[in-house]
Amino acid sequence: MSENRKFNVGRQSEQLYNEELYKMYESIRTLLMIPEEGKDGPESNLHGALWLNLDKNELNYYNKELNAWDIIFRDKFRIVDSMLNHFPPDRPVQGQLWINQDVLMYYDGLQWKPIKALMQDGSQINLAVFEDFIILSPLHPPGNTVVNDPESDVVVDETNKSQFLVPNIDAGKYFVNREYRHDYEEINKVTLQYPKEMLNEKVSSWVHVNPGKITNIKKQLFKVDKLNQTIELDPYNTEFYGFRRDSAFGHFLRPGDGAEDEGDYYAIPEGIQLSYNAAQSFDYVLAVSYEFSWIKSTGRLNRTSSERITTNYYVGGFGGPINVFVEGYDLENRYYHYDTLTEMLEITDPNMDRDFEISIFEAISREYGLIRERTLDGRGIIHLRNKYRNPLVFVNGQALHSSLGDIEINDAEGIILVNGARRDMSYCVMELDDVENNHNMFVKSGVVNEIVDYQGVIRIPDFANVIPEEDGIILFVDGLLIKKEDVVRDYSDESITVNGLERGQEFILLHDKYHALQYDESRLHSALVTGRVDESLVYMNEFLICNDTAIVTSRTMEEETPEAVNGEIKLFLEPQQDVMEGQFKIWDEYNKTWQDLDADTLAAVKLIAFSYENGLNMIQLNIDHDENDFFDVFAYSFANHIEKPVVIESFTCENQQEFNIRHHFIHGANSLQVYLDGVRQYDNVVTEYVDGSGFKLNAPFTGKVTYVIEHPEGGAQKACTREVLDHTNVLAGSPNVYKTNISLYPGRVTVYVSGLRQPQESYVILDNHTILFNDRETMLIGSQDNYPTEHVRKEDGEIVELNRRQQDEILVEVRQKFDRQEQTIQVKDIDEYDIGIQKYDLPPDIIEAADEILIYINGIFTGLRNGIGYVKDRSKGAITVLDGNYVELMNNDPLYTLFMLDVDKHFLWQQRHDGQPYEPKINNKVTLEWR
């Protein structure tokens with residue numbers, strides 16, 4: 001051995017004497033290291049080296065290929081590590097767990113499913129109690145169990161009737177084989193019974209749908225390929241109906257397993273496979289797919305049925321232009337023709353018979369057509385051919401006015417936006433302002449809120465002068481025209497009423513001064529009134545009938561192609577005026593093209609897809625029927641629907657004092673809010689126009705004007721109650737405690753100090769009339785330097801600056817809208833465009849907010865609007881701001897701005913701080929309000 005050999009250098013060291021020990025050392029050398037600031041982990045060169053992240057209590061290994069530290073057993077931990085997330089975890093693995101609103105779910109490789117327990121008798125009710133959608137088929141009786149309801153009058157006879165447990169009778173549908181049945185007996189809300197003799201060798205099925213969480217219903221119509229029974233459509237949350245080419249009636253298709261229970265179809269990886277029998281029995285298949293909210297549960301189901309419905313047609317004649325009303329609904333103009341020479345009215349609707357009551361409404365000027373477009377937020381667009389000063393709008397026969405918040409008039413673009421209206425709904429726009437006679441027919445609108453002797457009344461101050469007894473009067477209630485003989489006038493009480501008028505109903509009152517609006521009555525067609533409807537399923541007798549939402553699309557063929565399924569039928573509408581025209585096409589998957597329909601297919605589709613139409617609050621039947629037909633209607637109002645959306649509009653002005661706005665509001669209902677450069681203005685600054693068409697400021701203004709219109713809801717007369725507090729409201733001896741005249745309970749309180757929105761944390765409600773502000777150092781009263789600095793000459797000739805102060809005023813508002821939520825977060829990041837739900841611990845339902853999210857930065861209102869100023873990104877779980885002005889507000893540090901404008905002052909500041917430049921300090925309080 002050489003005497004010169006050294007054992008203290010490199011791997012010949014006595015500590016590191018072989019390759020194995022070297023790897024062991026490198027693998028644990030980094031275990032307890034603390035990374036340098038700004039780095040994701042310590043430095044390492046060995047793949048598989050270990051590092052314990054003490055901040056997160058996570059054991060990591062070094063991935064040399066990615067040059068990054070990764071959590072050990074990440075895929076295994078993914079089974080449980082996102083279990084408490086508000087939103088479904090990204091890239092879930094089979095078996096992963098997630099708690100969804102207190103229900104434990106697991107991922108089966110395709111979808112999230114609830115974890116449930118089996119009942120001893122094997123009944124199916126336990127399979128559906130947590131589901132938003134499920135088809136129970138075959139529906140088995142629960143053993144020999146008889147479920148009795150002590151409060152029910154139904155006599156249970158278990159000898160000749162079968163009982164079935166279901167999740168919810170009100171929300172589901174019962175089928176026997178392929179027929180819809182409504183004639184079952186309801187034992188209680190989870191139990192029905194049906195005669196055994198009617199079930200002999202037949203299969204019972206139940207379709208359960210949770211109406212509270214529905215956000216959309218999509219209908220698709222397919223032509224059956226007799227040689228290839230596959231329809232490449234995911235059956236998840238979907239029910240199917242079969243139609244024959246010569247019938248408008250859909251038969252329920254029962255799912256099977258493809259083995260012991262064949263059913264009418266069974267699920268395959270590509271979609272569904274029709275059974276041979278079903279494929280040969282039916283020529284078309286309608287798929288009804290439901291989409292459900294993760295969080296919201298405010299959807300509603302209105303079920304309407306009728307034992308007798310009559311349809312008729314009528315004739316008549318009056319001077320024009322005219323509108324024809326049927327049962328208070330404005331009849332679509334394409335269904336009648338008026339000859340001014342003969343004064344004859346011809347009804348051309350082929351579905352109407354004789355014996356109608358008619359009302360004729362003579363208009364000053366008007367136009368009509370079909371709605372062809374919708375906005376991103378689901379409002380129908382009416383393109384005007386004429387300009388209107390004060391229009392009354394009829395959509396699918398119902399009267400709407402901007403003062404009620406149902407429509408929005410945009411004079412600049414010549415359009416009217418209609419809440420909830422869909423494509424191909426008919427419209428008519430009618431002028432109410434008679435310029436030639438200097439008379440505006442519009443008197444007032446609002447909500448009935450007064451009951452006298454169990455009868456709703458509408459107050460009209462100075463009634464005799466507003467509408468003299470010899471003048472005509474026109475009244476619409478919930479959009480329907482009331483017959484003139486049904487309107488009861490009481491001049492001594494200064495009110496009008498209608499038999500059956502109830503609290504909460506909306507009204508529009510017009511003054512027919514010159515009897516320009518005249519109408520007559522005879523028998524009218526009765527409509528199926530459902531209340532608010534976004535989409536519906538209608539059963540006529542034992543079968544489903546279909547509306548055109550299954551085929552009509554406003555998208556182009558190119559836009560529909562990526563999602564098209566072989567045999568799918570679409571009606572691509574073209575922008576033709578006043579008539580519904582378009583191209584009927586069917587998708588050919590083999591050739592990847594949209595093909596024309598042959599004559600037989602076209603006739604069948606027209607027979608199937610136009611049996612009825614959805615109105616705003618009713619179902620209009622187009623199918624032939626008589627008094628012996630039974631209709632059962634499932635009218636769904638989606639979970640993301642709200643009654644009266646908030647309106648936000650901003651614009652800039654220069655030295656302007658009076659403002660005519662394109663949205664109407666109800667005068668005196670505390671609906672209007674005005675902000676100047678984001679600062680809230682009070683009633684002593686803003687004067688509302690009596691007709692709700694605009695407002696006036698107490699002085700000219702230059703800058704950004706934002707107005708918000710919040711309509712009263714739920715039968716309320718006002719959107720909120722308001723009071724302005726000043727030093728006179730201070731409780732003696734407690735400078736930060738104020739007494740109010742309005743009651744602060746019950747309700748939601750919002751507060752502005754000198755026009756700046758205050759976080760809820762800044763004040764406490766002590767009792768019904770007392771509010772305490774927490775921050776005593778903020779001198780709420782007398783702290784605002786908002787008068788211009790004055791230069792005053794003293795007696796000795798010296799000129800000095802004099803700062804005046806105006807006392808702060810506190811605006812308190814109390815709302816009865818308890819569905820609204822508010823939260824203030826602290827944002828310190830620069831260029832923060834994403835407001836993350838988990839990052840700021842916001843309630844997850846803000847992502848599914850149905851109304852505008854009101855966003856304030858340090859009390860300043862931003863005026864951001866959904867889809868324009870911000871978007872709600874469910875995939876990221878964040879509110880992403882699109883407006884650059886928002887970040888400009890967020891990054892506002894007054895001292896930093898001063899230094900950027902005055903270099904000398906910045907230099908002096910640096911001299912006092914070791915030469916270091918000033919770094920902006922971002923500390924914003926962002927207040928969010930939503931519902």
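This report covers model confidence, strand pairing, selected residues and salt bridges.

**Confidence**

The model is predicted. Its chain has a mean pLDDT of 80, and 80% of the residues reach 70 or more. Residues 338-344 fall below 50, yet this stretch has 15 contacts in the model beyond near neighbours in sequence. Residues 776-780 are also below 50. Beyond near neighbours in sequence, that stretch has nine contacts.

**Strands**

Three strands form an open sheet in the order E15-E19-E18, with antiparallel pairing. E15 (230-231) and E18 (265-268) stand at the edges. Each has a single partner strand, so one side of each is left without a neighbour in the sheet. E18 is joined to E19 (residues 271-274) by four bridges. Within this sheet, Tyr 265 stands opposite Leu 274 in E19.

Strand E29 (residues 379-383) is mostly covered, with four of its five residues buried. Two bridges join E29 to strand E28 (residues 373-374), and the two run antiparallel. Here Glu 373 has Ile 381 in E29 as its bridge partner. The hairpin of E28 and E29 has four residues between the strands. In this hairpin, Gly 378 takes a positive phi near 85 degrees. E29 also pairs with strand E33 (residues 415-419), through five bridges and again antiparallel. His 383 has Ile 415 in E33 as its bridge partner.

**Selected residues**

Asn 63 belongs to strand E2 (residues 58-63). Its relative accessible area is 11%; buried means under 20%, so Asn 63 counts as buried. Leaving out residues up to four places away in sequence, Asn 63 touches His 47 and Ala 68.

Met 33 sits in the loop between helix H1 (19-29) and strand E1 (50-53). Met 33 is partly exposed, at 31% relative accessible area. Outside its neighbours within four places in sequence, Met 33 contacts Pro 42 and Trp 51. Met 33 and Leu 52 are 19 residues apart in sequence, with 7.9 Å between their C-alpha atoms.

A nonpolar surface patch consists of Leu 84, Ile 99, Leu 104 and Ile 115. Together these residues have about 350 Å² of accessible area. Ile 115 lies in the loop between strand E6 (112-114) and strand E7 (133-136). Ile 115 is partly exposed, at 39% relative accessibility.

**Salt bridges**

The structure holds 42 salt bridges. Among them are these three.

| Acid | Base | Closest N and O atoms |
|---|---|---|
| Glu 186 | Lys 189 | 3.2 Å |
| Asp 283 | Lys 226 | 3.3 Å |
| Glu 658 | Lys 696 | 4.0 Å |

Glu 186 is partly exposed, with a relative accessible area of 31%. Lys 189 is partly exposed at 43%.

The salt bridge of Asp 283 with Lys 226 links distant parts of the chain, 57 residues apart. Asp 283 is in the loop between helix H3 (276-281) and strand E20 (284-292). Lys 226 is in the loop between strand E14 (214-223) and E15. Asp 283 is buried at 11% relative accessibility, whereas Lys 226 is partly exposed at 27%.

The salt bridge of Glu 658 with Lys 696 also links distant parts of the chain, 38 residues apart. Glu 658 is in strand E55 (residues 647-660) and Lys 696 in strand E59 (residues 694-709). Glu 658 is partly exposed at 46% relative accessibility. Lys 696 is partly exposed at 33%.

Salt bridges with shared partners join Glu 713, Arg 748, Arg 757, Arg 820, Glu 822, Asp 851, Glu 929 and Arg 931 into one network.

Note on methods:
Residues numbered from 1 in each chain as written. Predicted model: local features only at pLDDT ≥ 70, side-chain atom pairs only at ≥ 80, totals over all residues. Heavy atoms only, no water. pLDDT = per-residue confidence, 0-100. Contact = heavy atoms within 4.5 Å. Buried < 20%, exposed > 50% of the residue type's maximum accessible area, 1.4 Å probe, protein only. Pairing = 2+ DSSP bridges. Patch = residues over 30% accessible without salt bridge, like charges linked within 9 Å, V, L, I, M, F, W, Y side chains within 5 Å. Areas by Shrake-Rupley, 256 points an atom, 1.4 Å probe, with all protein chains shown as cover. Salt bridge = Lys/Arg side-chain N within 4 Å of Asp/Glu carboxyl O.
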